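Me: I've got a model open and I'd like a close look at a single part of it. Could you walk me through it, then tie it to whatever surrounds it?

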Number of protein chains: 2
Amino acid sequence: MSQKLHAVISARLFTDQKCFGPGVAELLNRVEEHGSLRSAAKSMEMAYSKAWTIVKNAESCLDVKLIESSTGGKNGGGARLTDKARQILSAYESYRKKLIAFSDSIFNEEFADFL
Amino acid sequence: MSQKLHAVISARLFTDQKCFGPGVAELLNRVEEHGSLRSAAKSMEMAYSKAWTIVKNAESCLDVKLIESSTGGKNGGGARLTDKARQILSAYESYRKKLIAFSDSIFNEEFADFL
């Protein structure tokens, strides 16, 4: 094997349905970067309607508003993250990093027979 | 929301390609239960050829044999897990349980604003 055995972990947040995961996180980060949901979707080669559905589903599931319109300014209308969106992104990233650090701390012992 | 926000974690093992994850683990557990790869695949509504490919890929990636033929006996030929397969299943389950327990221990604090 050309690369050492290692774990890849994914964490998703659910209520009775999926609320939040790597895909929503990436989309929100790109809204922040591009200043609009349409540009964010385009940068991920995702249909705008799909991006809109993903955001609305996460908002409904978490019961918070994640994106707000930013009207006016030199670029005209756009979208930006709400404070709650920044909070969930920050919490998700912190949680994900702690999980990975924990995994790293036990992996070699758990899989010693396969390394 | 009808159910409290919670995390669902998945862990997969990689080298330079995917080696092992929930799907392989379930297939191997069903080989153990059913005594043949064909019956195991059928019980998961999976084509035998796909099951075979999944096992061969995991064997190649981990560089161990996971399934051996069990010929003869009252049920004729079949398949059973090797000791190495039992070891990886056991290690994977132990690792997965520890990850989930760790996640449970930090989740409420990390996502306090969304609970």
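Which helix of chain B does Val55(B) lie in?

Reply: Val55(B) lies in helix α3 of chain B, the stretch covering residues 48-62. Keep in mind that this is a predicted model.

Let's start with the surroundings of that residue. Val55(B) counts as buried because 22 other C-beta atoms sit within 10 Å, and the cut-off for that label is 20 or more. Leaving aside residues up to four places away in sequence, Val55(B) touches Leu27(B), Leu37(B), Leu66(B) and Ile67(B). Glu32(B) isn't on that list of contacts: its C-alpha atom and that of Val55(B) are separated by 13 Å, with the two residues 23 apart along the chain.

Now for another helix of chain B, α4(B), which runs over residues 83-110. Its 28 residues, at 1.5 Å a residue, should span 40 Å, and the end C-alpha atoms are indeed 40 Å apart, so expectation and model agree. There is still a bend in α4(B), about 30 degrees, at Asp104(B). As for burial, the buried residues of α4(B) are Ala85(B), Ile88(B), Tyr92(B), Leu99(B), Ser103(B) and Glu110(B).

Next, the partner chain. The contact between the chains draws 34 residues from chain A and 34 residues from chain B. On the chain A side, the elements giving two or more residues are β1 (6-14), α3 (48-62) and α4 (83-110). The largest share there comes from α4(A), with 11 residues. Sorted by class, that side of chain A has 19 nonpolar, 8 polar and 7 charged residues.

The strands join in as well. β1(A) pairs with β1 of chain B, residues 6-14, in the antiparallel sense over 9 bridges. To pick out one bridge, His6(A) is partnered with Phe14(B) in β1(B).

Finally, the symmetry. Chain A superposes on chain B by a rotation of 180 degrees with 0.0 Å of shift along the axis, at an RMSD of 0.0 Å. The two copies are therefore related as by a two-fold rotation axis. In chain A, Ser10(A) has the C-alpha nearest that axis, 2.7 Å from it. Both copies use the same surface, too: 100% of the contact residues of chain A recur in chain B.

Methods: Residues are numbered from 1 along each chain as its sequence is written. Chains are lettered from A and ligands numbered from 1 in the order in which they are written. This is a predicted model: local features need pLDDT of at least 70, side-chain atom pairs count only at pLDDT 80 or more; totals for chains, interfaces and linings use all residues. Two residues are in contact if their C-beta atoms, placed from the backbone, lie within 7 Å. Helices (H or I, at least four residues) and strands (E, at least two) are DSSP runs, numbered from the N terminus. Ala, Val, Leu, Ile, Met, Phe, Trp, Tyr, Cys and Pro count as nonpolar, Asp, Glu, Lys and Arg as charged, and the others, Gly among them, as polar. Two strands pair if DSSP finds at least two bridges between them. The expected span of a helix is 1.5 Å times one less than its number of residues. The bend at a residue is the angle between axes fitted to the seven residues ending there and the seven starting there. A residue is buried if 20 or more other C-beta atoms lie within 10 Å of its own, exposed if 12 or fewer, and partly exposed in between; C-beta atoms are placed from the backbone. Copies are superposed by least squares on the C-alpha atoms of residues with pLDDT of at least 70 in both.
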